[in-house]
Each structure stands twice: as structure tokens, then as C-alpha cells.
Amino acid sequence: MVCTQTKCSDDIYENVQNYYGKVLQNTKDLKTSACCTDDKPHKLIREAISKIPQIILSKFYGCGNPIPLGIKGLDILDLGCGSGRDCYIASKLVGPEGTVTGIDMTSEQIDLAIQNAESFTKELKYANNNMKFVKGHIEYLEKAGIKEESVDIVISNCVVNLSPDKEKVLQGVFKSLKRGGEFYFSDIYCDRRLPENVRQHKLLFGECISGALYKNDFIRLCHKVGFTDPRVLSEREVTIEDEDLKNITGEARFYSITYRLFKLDNLETLCEDYGQVAIYKGNIEGCESSYRLDDHHVFETNRPVLVCGNSSSMVGESWLSPYFTIIGSRQVHYGQFDCSNVETQSSQSNTKSSCC
Ligand SMILES: C[S@@+](CC[C@H](N)C(=O)[O-])C[C@H]1O[C@@H](n2cnc3c(N)ncnc32)[C@H](O)[C@@H]1O
């Protein structure tokens with residue numbers, strides 16, 4: 001039977017709203033480790049979490065920690081904010097001059113975020129509540145009141161896989177970001193394209209498994225939308241302990257990946273060498289000794305690092321630019337950049353800790 005895009009979308013929305021609004025009461029009800037996070041967040045994030053009401057934390061279903069440090073004063077948008085844990089963390093990190101907007105379609109979840117926001121920001125001693133929550137779909141950001149080029153950083157935690165139209169979500173994110181802004185998010189990906197019977201499985205869909213994109217298809221989608229050089233920040237394998245569910249997914253392997261997608265005009269599909277050097281100034285609060293851009297770039301404070309043109313733009317022309325000095329421009333091209341060298345350099349200082 002052929003079903004129209006709208007009908008399929010409605011079915012998916014209904015299944016997901018039912019799962020997160022009614023079936024799950026708290027994190028303990030989850031059947032897989034997809035919507036869980038086992039890495040220890042940074043101290044500043046743990047401090048923020050310690051101030052968040054327990055009811056919000058008990059309904060956290062994220063798969064990572066997609067909240068960057070150094071975001072004071074910025075405008076943040078959280079796609080699929082659920083009960084709002086990450087918005088509350090971001091509210092503390094951006095401070096009273098920054099803003100945080102959360103969007104979610106499930107009333108039972110977003111209502112909790114709304115109910116507790118005022119008292120949370122009062123406790124932080126902010127003159128005004130810097131959080132806003134909108135009930136809506138992440139495929140329709142404009143309808144939810146998000147203007148073009150109005151957001152510095154879009155975050156999202158284990159949500160995009162649940163969307164029936166992931167391309168539309170990425171397009172909307174790209175549009176809503178300011179130039180130099182970033183989509184910094186965690187989601188579930190797969191090592192292959194999943195067969196129809198897995199994709200249609202309602203419980204596995206709710207658990208963020210069935211909607212997982214094949215990693216390479218996600219990269220293709222990024223290129224299509226304009227996020228030319230997606231960078232992986234961290235990756236962990238997700239486990240399915242339930243034997244019946246495991247039987248359905250077979251040999252497919254699932255990963256929770258935190259990606260960084262920068263909106264910059266001059267990113268290239270391959271790394272190119274312009275002889276540029278980036279120096280991290282050590283001025284991000286909580287990241288005084290080093291800064292991690294991705295899984296193969298850790299910048300030690302004040303240590304010059306030879307970088308490709310893309311990495312240079314990511315740290316020198318994005319919201320990160322106050323924290324880096326760039327030496328050199330793109331005037332002279334020296335050929336393709338040898339990324340393997342960068343990997344060797346940084347893997348020596350590549351700790352799996354909650355480094356920035
Ligand atoms: C796995 S939970 C994660 C919630 C939250 N990010 C967290 O970390 O706790 C997925 C959330 O995404 C929301 N969601 C899924 N698809 C959505 C869509 N298309 N539009 C808006 N919200 C959506 C669900 O309502 C649910 O609250």
C-alpha cells in the first residue's frame with residue numbers, strides 16, 4: 001500500500017508523541033541504551049544540572065551532551081527539547097544576555113519545561129526568564145516563529161532520527177542559523193541502511209533506533225543542504241540488550257554521534273592546505289588548557305597548530321572566532337591538506353574525558 005507523505009508523517013508524529021508523552025514515565029522505562037548518555041559531562045554542565053528540578057531530569061531522553069561551552073550571550077535553539085534539560089543547562093551557560101528557545105511537539109514533555117522555567121531563572125537571579133518554549137514541529141521552524149539567520153547555535157539531543165523528513169529539518173536549521181553559526185547535536189546513526197521491517201517497527205522507532213540514518217547517507221544529506229564539512233566530536237556504540245529486539249535489528253550496529261555542522265560560505269568537501277595556523281587563546285571558561293574542535297583536533301592553549309582551510313574557518317570565522325587567532329589567509333594554495341598528520345598529533349592528547 002502506498003501511503004502519502006502527510007499520512008506517514010502523521011502516523012510517525014502520533015507514535016512518537018504517544019511514546020514520549022504516555023508510554024515512557026522516566027528514563028528507566030527505556031528498552032535500549034539509545035536515549036541514554038554514559039559520558040560524564042563537563043564540570044560547568046554538571047553544576048547547571050545540579051540546579052534543575054528532578055522532574056525534568058527524570059524525563060531526560062538524550063543520547064549525548066550537545067551543549068558547547070563559551071556560549072555566554074548567544075542565542076540558542078533546541079530542537080525536540082523534551083522536558084527541557086538541555087535548555088535549562090544552556091540558560092545557565094548563556095547567562096541573562098543570551099536566549100534559549102526550545103521546540104517540541106509533545107505536550108506532556110514541553111509543558112514541564114514551561115512550568116519550571118520561571119523559577120529556575122529566578123534562582124539564577126536573572127531579571128528576566130531567558131527561556132522560551134514553543135509547541136511545534138522541528139520540520140517547520142518558521143511556523144514556530146524562528147526567523148531566518150537569527151540563531152547562533154542550534155542544539156538537539158536524540159531527536160532528528162525521529163523526524164519523518166530529516167532533509168527538511170536540516171534545511172530549516174541551515175536557514176535559521178546566522179553565518180558562522182553551528183548545528184551542534186547528538187543523534188543515533190547506523191552502519192547500514194535499515195530494511196523496511198526495522199524501519200516500520202513502532203517500539204524501535206520510539207527508542208530512536210528505526211529512524212537512524214546510515215552514517216554515509218547523513219553525510220550526503222549534509223552536503224546537499226550546505227553543511228559541507230560535518231565533523232564528528234564523539235561517538236559511542238548503542239546496545240540493544242532485549243533479545244527479541246536484537247533479533248529484529250540483526251547485525252546492524254548503532255551509534256550515538258555528536259556532530260558539529262558549521263554554516264560557513266567557504267567550506268570545501270576535502271581539506272585543503274593554505275599554510276594556515278590556528279592558536280587557541282585559552283579563554284573559554286572551563287577550557288583553560290585546551291579546546292576540542294572534533295575527534296581529531298585538540299588545540300592546546302597558545303600552541304600553534306597547522307590547520308586546513310576548513311578548520312581555520314571553523315575556529316576563525318564562526319562564533320568561536322573570539323577564542324582563536326588565525327595566522328595566514330587563503331591567498332596561496334599548497335595542495336591537499338594532510339589530515340593524517342593532524343590525527344596523529346591530536347590523538348596523543350585526545351582524552352575521552354569531558355574536555356571542551
Ligand atoms: C528522545 S526524546 C529527547 C528529548 C530531549 N532532547 C532530551 O534530551 O530529553 C525526543 C523528543 O523529540 C520530540 N520530537 C520528535 N520528533 C519531533 C518533531 N518532528 N517535532 C518536534 N518534536 C519532536 C519528542 O516529542 C520528544 O520529546
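Which atom of the ligand does a backbone N or O atom of I138 lie 3.0 Å from? In this predicted model, the partner of I138 is a nitrogen atom of the ligand.

**Polar contacts of the ligand**

Two further residues, D104 and N157, approach the ligand through polar atoms. D104 uses a polar side-chain atom, which lies 2.6 Å from a ligand oxygen atom. N157 uses a polar backbone atom, which is 3.1 Å from a nitrogen atom of the ligand. The contacts are set out below.

| Residue | Protein atom | Ligand atom | Distance |
|---|---|---|---|
| D104 | polar side-chain atom | oxygen | 2.6 Å |
| I138 | backbone N or O atom | nitrogen | 3.0 Å |
| N157 | polar backbone atom | nitrogen | 3.1 Å |

On its own the ligand has 590 Å² of accessible area, and the protein covers 100% of that area.

**Surroundings of the ligand**

The ligand is located in the largest cavity. Around the ligand are 22 residues, and the closest of them are Y61, G80, D104, T106 and E139. By class, the shell consists of 13 nonpolar, seven polar and two charged residues. Helix α1, which spans residues 5-23, gives the most to this shell, namely three residues.

**Annotated domain**

An unreviewed UniProt entry carries the annotation "domain: Methyltransferase" for residues 72-223. In the model, residues 72-223 are 37% helix and 26% strand. The C-alpha atoms at the two ends of this span lie 30 Å apart.

Definitions and conventions:
Residues are numbered from 1 along each chain as its sequence is written. This is a predicted model: local features need pLDDT of at least 70, side-chain atom pairs count only at pLDDT 80 or more; totals for chains, interfaces and linings use all residues. Side-chain values use heavy atoms; hydrogens and water are left out. A residue is near a molecule or strand if one of its heavy atoms lies within 4 Å of it. A polar contact is a pair of N or O atoms within 3.5 Å; within protein, one must be able to donate a hydrogen and the other to accept it, and residues adjacent in sequence count only if both atoms are side-chain atoms. Accessible areas come from the Shrake-Rupley method with a 1.4 Å probe; for residues, only the protein chains shown count as cover. On a 1 Å grid over the protein atoms alone, a cavity is a set of points where a 1.4 Å probe fits but cannot get out, and a pocket is an open set with protein on both sides within 12 Å along at least five of seven lines; lining residues have an atom within 4 Å of a point. A molecule sits in a cavity or pocket if more than half of its atoms lie within 2 Å of its grid points. Helices (H or I, at least four residues) and strands (E, at least two) are DSSP runs, numbered from the N terminus. Ala, Val, Leu, Ile, Met, Phe, Trp, Tyr, Cys and Pro count as nonpolar, Asp, Glu, Lys and Arg as charged, and the others, Gly among them, as polar. UniProt positions are given in the numbering used here, feature names are shortened, and annotations may be inferred rather than shown by experiment.
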